[in-house]
Amino acid sequence: MNKFFITGLPRSRTAWLASFFTGNNSFCYHEMLRISSGFEDGIKKMLNRKEMYVGNSDSSLPIWMDKIDHILRDSPIVIIERDIDEVTNSLTNLFGQGFERALDKTLEGIEVIKNKYNYISIDYNELNNQSCLETLCNFCTPKLYFDKDKFETLKTINISLNKNLEDLYTKSVRKNNKEYVNYMSYKIYS
């Protein structure tokens with residue numbers, strides 16, 4: 001099995017990319033740790049998938065990447081580059097203020113990824129261009145064909161966050177994955 005990772009600042013279409021990379025002998029989690037009981041369980045889920053390629057599209061990866069350094073060393077990583085002001089405005093519109101520290105930690109982690117791992121950077125504004133997605137496919141899932149029809153269908157879809165559902169989801173994550181929540185709190189606020 002070949003693993004791949006997609007990351008960037010929050011609000012950088014990681015859920016959309018997880019959808020794009022699921023199917024045709026590829027499966028991509030969106031924030032796999034949210035549906036896992038901890039880091040080991042999340043990695044076990046990835047390793048137990050039967051598809052040829054298994055990925056995780058997750059804006060929090062730069063904060064917890066040290067937990068899976070042994071996997072990242074041999075995996076392609078895509079960094080979605082989005083303007084920090086656009087991200088801040090999007091987060092503020094959804095949740096209000098208070099994301100500066102988490103964004104700073106994410107940016108610090110992205111710089112570590114760029115200095116340590118096999119990565120490519122993609123401009124957020126290019127994600128609706130077929131050539132951009134073909135580049136991503138060649139990098140993450142090189143033995144699979146590019147599904148133009150899937151791309152054409154998905155590029156018309158806007159995956160957005162429902163604040164009320166996110167609140168329920170976040171409460172569930174905190175209850176079921178204390179290791180992840182504690183680790184993230186430590187990394188962001190220490």
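Start by selecting phenylalanine 4 and glycine 55: the two stand opposite each other, with glycine 55 in β3. Bear in mind throughout that this is a predicted model.

**The strands around β1**

Widen the selection to strand β1, residues 2-8. Six of its seven residues are buried. Now add strand β3, residues 53-57. β1 and β3 run parallel, joined by five bridges.

Next, bring in strand β4, residues 77-81. β4 pairs with β1 over four bridges, again in the parallel sense. To see one of the pairings, pick phenylalanine 5; its bridge partner in β4 is isoleucine 77. While the strands are on screen, recall that side chains in a regular strand alternate between the two faces of the sheet.

**Into helix α6**

Select residues 100-116, helix α6, and find threonine 106 within it. Is threonine 106 buried or exposed? Its relative accessible area is 3%, so threonine 106 is buried. Show its contacts, setting aside neighbours within four places in sequence: Gly8, Leu9, Ser59, Pro62 and Ile63.

**From β4 to α6**

Stay with the helix and select lysine 114, together with glutamate 81. They form a salt bridge, with the closest N and O atoms 2.8 Å apart. Glutamate 81 sits in strand β4 and lysine 114 in helix α6, so this pair ties together parts 33 residues apart in sequence. Both ends are partly exposed: glutamate 81 has a relative accessible area of 31%, and lysine 114 has 24%.

Keep lysine 114 selected and add glutamate 111. This is another salt bridge, with the closest N and O atoms 3.8 Å apart. The two residues are three apart in helix α6, which means about one helical turn separates them. Glutamate 111 is partly exposed, at 42% relative accessibility.

**A salt-bridge network**

Move to aspartate 69 and arginine 73. Their salt bridge has its closest N and O atoms 2.8 Å apart. The two ends contrast: aspartate 69 counts as buried at 16%, whereas arginine 73 is exposed at 52%. Add Lys116 to complete the picture, since Asp69, Arg73 and Lys116 are linked in a network of salt bridges. The structure holds eight salt bridges.

**Zoom out**

Finally, show the whole protein chain. It has 10 helices and five strands. Of its 190 residues, 44% are buried. Among contacts with a separation of 6 or more, 79% come from residues 24 or more positions apart. Turn on the surface last: the chain exposes about 9,900 Å², and carbon and sulfur atoms supply 47% of it.

Definitions and conventions:
Residues numbered from 1 in each chain as written. Predicted model: local features only at pLDDT ≥ 70, side-chain atom pairs only at ≥ 80, totals over all residues. Heavy atoms only, no water. Buried < 20%, exposed > 50% of the residue type's maximum accessible area, 1.4 Å probe, protein only. Contact = heavy atoms within 4.5 Å. Areas by Shrake-Rupley, 256 points an atom, 1.4 Å probe, with all protein chains shown as cover. Pairing = 2+ DSSP bridges. Salt bridge = Lys/Arg side-chain N within 4 Å of Asp/Glu carboxyl O.
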